[in-house]
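Visitor: I am new to this structure and would like to learn how to read it feature by feature. Could you take me through it slowly, giving the general idea before each case?

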Amino acid sequence: MDFLSPSTWEEALAAKSEHPDAVPIMGGTDVMVELNFDRRRPPALLDLTRVPELTAWGPDGPHLRLGAGVCYTDVIAHLGDRAPALAQASRSVASPQIRNRGTVGGNLGGASPAGDAHPPLLATGAEVELASVRGVRRVPIREFYVGFRQTARRPDELIAAVLLPAPRGPQAFSKIGPRNAMVISVASFALALDGDARTVGTGIGSAGPTPLRAPDAERFLAERFDWDGGTPPAPADVHKFGELVAEAARPIDDVRGSAAYRRRSLAVMARRALAWTATDYREGTARCA
Amino acid sequence: MRVTFEVNGEPVTADDVWPGESLLYVLRERLGLPGSKNACEQGECGSCTVYLDGVTACACLVAAGQCAGRSVRTVEGLAEAGPDGERRLAAVQEAFVEAGAVQCGFCTPGLLVQADDLLERTARAGRGVPGDPEIREALAGNLCRCTGYEKILDAVRLAAAREAGTTEGGAA
Ligand SMILES: Cc1cc2nc3c(=O)[nH]c(=O)nc-3n(C[C@H](O)[C@H](O)[C@H](O)COP(=O)(O)OP(=O)(O)OC[C@H]3O[C@@H](n4cnc5c(N)ncnc54)[C@H](O)[C@@H]3O)c2cc1C
Ligand code: FES
Ligand code: FES
């Protein structure tokens, strides 16, 4: 096994192109578990922790550009305003030690359906920037997850960054698990209201082979929501929204929970997220008026 | 491969390191520093917590090669030499002893490092004694199967109070 340790982005891309089998490692919080337990013996590790660009963030046109190597601790400390749902999800990840190392790019690289970054990225319509020696491309997050732990990333590509649209309304994330820390979610849900476009974004985690959206729920709420005043949605509409989110899930029974429990908890989380965001929206509208 | 880095202020070199080897393995098996414990090798227990470039991490999840040229501080590096040159337990270590926060001791090294980090960000930074929710949050990734955590919380409160200069001591 080789240990490749590029110190620039160009070197990293060249290394990945030369060794497409090399496994990138950033925080190592997924990769090292696989190595420690002999689940994986890649021909090489490609250490990305010395590439400075990956840990940077900043504005990029209308987007916030978040380097693939930004750890959860930094998202929480610095990006709560610019990426509220992602920051909320980051707060729920594992423990301080894991959040100090684990990254959003690593979450995308592994693409576990339980990854906490996915629902917020789906709900907010993020893009993933993929790069190789052949060039750079941006893939809408909705096209990024192509199967169970499979993504649109090609073998010679690395994840460079995530591009997040500026929030144009309230966002919320919630997650179900046995305790408040150190929990891989049983099910998770993110909601983003876009008050300018008058659209709704959703993201569902741990309830299907890939992270999912709930397009019917998004359309339903976009039509029913009081975008002018943000009056609390009618109880029947709240209920319906929850049902549509639950119906969009494709959960299975596994060690963390049953399919039925996941659907039920998704309906509950969706209703709560709607209540929270509607309140925030109303208060925001009141402040602007 | 050979990995050279700094541990507790001293330059160290480890030879014949397998590229997939963890920092924890290198510390314990190659550098003779068994303070950091190996209880799960999957980030769940926190007993291997060390500082890597000043930030706490689970040493079992850091590839040794990622540490080349970097600086690591382990539980062995918490005790510091006093004016007479004698090494003394750090305040947080004293507090664990006094509060009875150690039973089998397996979780202790990780808890000490993580608690030290909390004190660095609070009591020593002039932010006063952290409240219980903040202590619990800081230690959420450190499992203890013996103490039931109460004495550990006592120890951290005691160390924080001493470091913030709000008490002269005595178990909380
Ligand atoms: C104890 C514990 C608790 C956890 N709890 C949670 C939790 O609550 N929520 C959650 O979502 N996750 C959790 N995880 C999983 C893990 O921490 C996250 O998935 C994290 O985001 C991984 O980031 P990393 O930088 O450590 O990834 P790494 O382990 O370095 O890499 C993960 C994957 O991404 C690939 N990769 C990394 N960077 C790139 C890149 N730039 N380009 C292409 N591929 C790349 C790697 O090859 C690998 O396949 C937990 C893990 C542990 C050990
Ligand atoms: S041994 Fe590293 S977290 Fe348990
Ligand atoms: S004292 Fe035994 S695990 Fe904590």
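Guide: Let us begin with charge, where one counts the side chains of each sign and then asks how far apart the centres of the two sets lie. In this predicted model, chain B carries 16 positive and 25 negative side chains, and the centres of these two sets are 2 Å apart. Chain A has 34 positive and 33 negative side chains, with the two centres 5 Å apart.

Visitor: How many helices and strands does chain B have, and in what order do the elements run?

Guide: Chain B has 5 helices and 7 strands, and reading from the N terminus gives the order β-β-α-β-β-β-β-β-α-α-α-α. For chain A the count is 10 helices and 13 strands.

Visitor: What does the radius of gyration say about chain B?

Guide: The idea is to set the value of the chain beside the one expected for a compact globule with that number of residues. For the 172 residues of chain B the expected value is near 16 Å, and because chain B has 16 Å, the two agree. Along the principal axes, the C-alpha atoms of chain B fill a box of roughly 50 × 40 × 25 Å. For chain A, with 289 residues, a compact globule would be near 19 Å, and the chain's 19 Å agrees with that, while its C-alpha trace spans about 60 × 45 × 30 Å.

Visitor: Which share of the residues is buried in chain B?

Guide: A residue counts as buried when its relative accessible area is under 20%, and by that cut-off 51% of the 172 residues in chain B are buried. In chain A, buried residues make up 56% of the 289. The surface that chain B exposes comes to about 7,400 Å², with 48% of it supplied by carbon and sulfur atoms.

Visitor: Where do the buried residues of a helix point, if we take helix H1 of chain B as the case?

Guide: One lists the buried residues of the helix and then looks for the elements they pack against. In helix H1 of chain B, which covers residues 23-30, the buried residues are B:Leu23, B:Leu24, B:Val26 and B:Leu27. These buried residues of H1(B) pack against strands S1 (3-7), S2 (10-14), S3 (49-52) and S5 of chain B. After H1(B) comes B:Gly32, which has a positive phi, near 65 degrees.

Visitor: Which residues does B:Arg70 touch, leaving out those up to four places away in sequence?

Guide: A list of contacts can show whether a residue reaches its own chain, another chain, or both. B:Arg70 lies in the loop between strand S4 (55-58) and strand S5 (71-73) of chain B, and it touches A:Thr49 and A:Arg50 as well as B:Phe5, B:Glu6, B:Leu52 and B:Asp53.

Visitor: Is A:Ser174, in strand S11 of chain A, buried or exposed?

Guide: A:Ser174 counts as buried, because its relative accessibility is 11% and the cut-off for buried is under 20%. Strand S11, where A:Ser174 is found, covers residues 171-176. Beyond residues up to four places away in sequence, A:Ser174 touches A:Ser188, A:Phe189, A:Met269 and A:Trp276.

Visitor: How many disulfides does the structure hold?

Guide: The structure holds 0 disulfides over all chains. Cysteines can still be read for burial: B:Cys45 is buried at a relative accessible area of 10%, and B:Cys60 is buried at 1%.

Conventions. Residues are numbered from 1 along each chain as its sequence is written. Chains are lettered from A and ligands numbered from 1 in the order in which they are written. This is a predicted model: local features need pLDDT of at least 70, side-chain atom pairs count only at pLDDT 80 or more; totals for chains, interfaces and linings use all residues. Side-chain values use heavy atoms; hydrogens and water are left out. A disulfide is a pair of cysteine sulfur atoms within 2.5 Å. Buried means under 20% relative accessible area, exposed over 50%, partly exposed in between (1.4 Å probe, protein chains only). Helices (H or I, at least four residues) and strands (E, at least two) are DSSP runs, numbered from the N terminus. The radius of gyration is taken over C-alpha atoms; the globule rule is 2.2 Å times the number of residues to the power 0.38. Lys and Arg count as positive and Asp and Glu as negative; His and the chain ends are not counted. The place of a charge is taken as NZ of Lys, CZ of Arg, CG of Asp or CD of Glu. Contact means heavy atoms within 4.5 Å. Accessible areas come from the Shrake-Rupley method with a 1.4 Å probe; for residues, only the protein chains shown count as cover.
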